[in-house]
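The exercises below are meant to be worked with the sequence and the model side by side. Try each task before reading the solution that follows it.

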Amino acid sequence: MGVITFDFEITSPIPLAKMFKAAILDADNLLPKVLPQAVKSIEVLEGDGGPGTIKLMTFGEGGPYKAAKHKVEALDKENFTYCYSIIEGEMLGTTFEKISYEVKITASPEGGSVLKSTSRYFTIGEVNITEEEIKAGKEKASAMVKAVEAYLVANPDAY
């Protein structure tokens, strides 16, 4: 088994606490609302949202995957960090044991926030991931952050 690691960073004008609350703490409700074509629903199967919680994300119609099970590994509301792993789903296939994400949101000097994410793909055997696949993944993450940002700009009293 190997591990392939990618880092991603995006800045936002949305303040740190508001971005964390919307994009992380309320993602189960907000993502299907702001990205219905990508995320149909997120359902808690077990747990209270904290470490050990298992969630089922059902993807929108027409995408390459139907669903994925996530496990919350860590949630630190004081330090604005969130870690979770995809533990089941078509995206793992026979290539990956799991895919883990560590997200940390920090304040930017301009008053907004900086979202930093590290993705770790735990492989089964030898795997080559292309630059196009890396770029596509980063574009999806960026689209999610921008959709949350657009919602927060349009709804300044939310969160």
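**Exercise 1.** Decide whether tyrosine 159 is buried, partly exposed or exposed, and state where tyrosine 159 lies.

*Solution.* Begin with the cut-offs: buried means under 20% relative accessible area, exposed means over 50%, and partly exposed is in between, with a 1.4 Å probe and protein chains only. Tyrosine 159 has a relative accessibility of 33%, so this residue counts as partly exposed. Next, locate the residue: tyrosine 159 lies in the segment after α3, where helices (H or I, at least four residues) and strands (E, at least two) are DSSP runs numbered from the N terminus. Finally, look at the backbone, where tyrosine 159 has a positive phi of about 65° although it is not a glycine. This is a predicted model, in which local features need pLDDT of at least 70 and side-chain atom pairs count only at pLDDT 80 or more, while totals for chains, interfaces and linings use all residues. Residues are numbered from 1 along each chain as its sequence is written, and side-chain values use heavy atoms, with hydrogens and water left out.

**Exercise 2.** Find the loop in which phenylalanine 80 lies, and give the phi of this residue.

*Solution.* Phenylalanine 80 lies in the loop between β4 (67-76) and β5 (81-89). The phi of phenylalanine 80 is near 55°, which is a positive value in a residue other than glycine.

**Exercise 3.** Trace how β6 pairs with β5 and with β7.

*Solution.* Two strands pair if DSSP finds at least two bridges between them. On one side, β5 and β6 pair in the antiparallel sense over six bridges, and tyrosine 84 stands opposite tyrosine 101 in β6. These two strands form a hairpin with six residues between them, and glycine 93 in the turn has a positive phi of about 50°. In turn, β6 and strand β7 (residues 113-123) pair in the antiparallel sense over 11 bridges, with threonine 123 in β7 as the bridge partner of phenylalanine 96. The hairpin of β6 and β7 has five residues between the strands, and glycine 111 in its turn has a positive phi of about 100°.

**Exercise 4.** Describe the surroundings of glutamate 97 in strand β6.

*Solution.* Strand β6 covers residues 96-107 and includes glutamate 97. With 44% relative accessibility, glutamate 97 counts as partly exposed. Not counting residues up to four places away in sequence, glutamate 97 touches Met1, Leu92, Phe122 and Ile124, where contact means heavy atoms within 4.5 Å.

**Exercise 5.** Classify the ring pair of phenylalanine 6 and tyrosine 121.

*Solution.* Rings of Phe, Tyr and Trp (its six-membered ring) pair if their centres lie within 6.5 Å, and planes under 30 degrees apart count as stacked, over 60 as edge-to-face and the rest as tilted. By this rule the count comes to five aromatic pairs. In one of them, the rings of phenylalanine 6 and tyrosine 121 have centres 5.6 Å apart and planes at 80°, so the pair is edge-to-face. Phenylalanine 6 lies in strand β1 (residues 3-12) and tyrosine 121 in strand β7, so the pair ties together parts that are 115 residues apart in sequence. Both phenylalanine 6 and tyrosine 121 are buried, and Phe6, Phe96 and Tyr121 form one aromatic cluster.
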